[in-house]
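Here is a friendly walk through one protein chain, with a few residues picked out along the way. Keep the structure open beside you as you read.

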Amino acid sequence: YKEIESVPYGTQAVAVLFDYQGMVDGQEVLFKVYIDGEEDPSWREIFTWNASAAGSYQKLLSLDYSDNFMLLAGEYTVEMYVAGQLAQRGSFVVEKE
């Protein structure tokens with residue numbers, strides 16, 4: 001992986017990496033994805049944490065079952081909530097055509 005601020009139009013997948021610590025099994029984790037400031041609920045993911053207390057977590061933005069899928073152009077912001085509290089936020093841009 002490499003850190004990026006933008007990806008070209010036509011990109012089919014982006015992995016967002018979060019470093020974390022102090023996690024506890026059983027905590028509710030929520031990921032939200034915003035495109036140009038508006039949440040896209042189709043990307044929302046809620047799950048119960050059952051991994052290590054510290055490390056790195058990868059959130060893949062992709063619908064890799066379809067070769068026709070591309071990320072829409074715009075600014076993406078991915079937020080990670082733990083137990084209802086905003087824990088991390090990261091952003092990148094998908095460039096226009």
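## Asp36 and a turn of the backbone

Asp36 is exposed, because its relative accessible area of 55% is over the 50% cut-off. Please keep in mind that this is a predicted model. You will find Asp36 in the loop between strand 3 (28-35) and strand 4 (38-39). Its backbone deserves a look too: Asp36 is not a glycine, yet it has a positive phi of about 50 degrees. Most residues other than glycine have a negative phi.

Asp36 has company in this respect. Ala83, also not a glycine, has a positive phi of about 55 degrees, and Ala83 sits in the loop between strand 7 and strand 8.

## Strand 8 and its partners

The loop that holds Ala83 belongs to a hairpin of strand 7 and strand 8, with two residues between the strands. How do strand 7 and strand 8 pair, and over how many bridges? Strand 7 (residues 74-82) and strand 8 pair in the antiparallel sense, and the count is nine bridges. If you would like a place to anchor your view, look at Thr77, which stands opposite Ser91 in strand 8.

Strand 8 also pairs with strand 1 (residues 6-7), and here the two run parallel, joined by two bridges. Val7 has Val94 of strand 8 as its bridge partner.

## Lys59, a buried charged residue

Is Lys59 buried or exposed? Lys59 counts as buried, because its relative accessibility of 6% is under the 20% cut-off. This lysine lies in strand 6 (residues 55-62).

What does the side chain of Lys59 meet there? It makes a polar contact with the side chain of Glu45, at 2.7 Å. Glu45 also appears among the residues in contact with Lys59 beyond four places in sequence, along with Val14, Ala15, Val16, Phe31, Trp43 and Val78.

## Two loop residues: Thr11 and Gln21

Thr11 is found in the loop between strand 1 and strand 2. Although it is a loop residue, Thr11 counts as buried, with a relative accessibility of 15%. The side chain of Thr11 reaches back to the backbone oxygen of Pro8, at 2.6 Å. Setting aside residues up to four places away in sequence, Thr11 touches Met70 and Leu71.

Gln21 belongs to the loop between strand 2 and strand 3. At 68% relative accessibility, Gln21 counts as exposed. Beyond its neighbours within four places in sequence, Gln21 is in contact with Ala53 and Ala54. Gln21 and Gln88 are 67 residues apart in sequence, while their C-alpha atoms are 11 Å apart in space.

## The largest pocket

Finally, let us turn to the open space in the model. The largest pocket holds about 440 Å³. Its lining is made up of 15 residues, and the closest to the centre are Glu3, Ile4, Ala15, Val16 and Leu17. Two of these names may be familiar: Ala15 and Val16 are also among the contacts of Lys59.

Which elements give two or more residues to the lining? They are strand 2 (13-20) and strand 8 (85-94). Strand 2 provides the largest share, with six residues. By residue type, the lining of the largest pocket divides into eight nonpolar, three polar and four charged residues.

Key. Residues numbered from 1 in each chain as written. Predicted model: local features only at pLDDT ≥ 70, side-chain atom pairs only at ≥ 80, totals over all residues. Heavy atoms only, no water. 1 Å grid on protein atoms, 1.4 Å probe; cavity = no way out; pocket = protein on both sides within 12 Å on 5 of 7 lines; lining within 4 Å. Points joined across faces, edges and corners; volume = space filled by probe spheres on them. Helix = DSSP H or I, 4+ residues; strand = E, 2+ residues; numbered from the N terminus. Nonpolar A, V, L, I, M, F, W, Y, C, P; charged D, E, K, R; others polar. Pairing = 2+ DSSP bridges. Buried < 20%, exposed > 50% of the residue type's maximum accessible area, 1.4 Å probe, protein only. Polar contact = N/O pair within 3.5 Å; in protein donor to acceptor, adjacent residues only side chain to side chain. Contact = heavy atoms within 4.5 Å.
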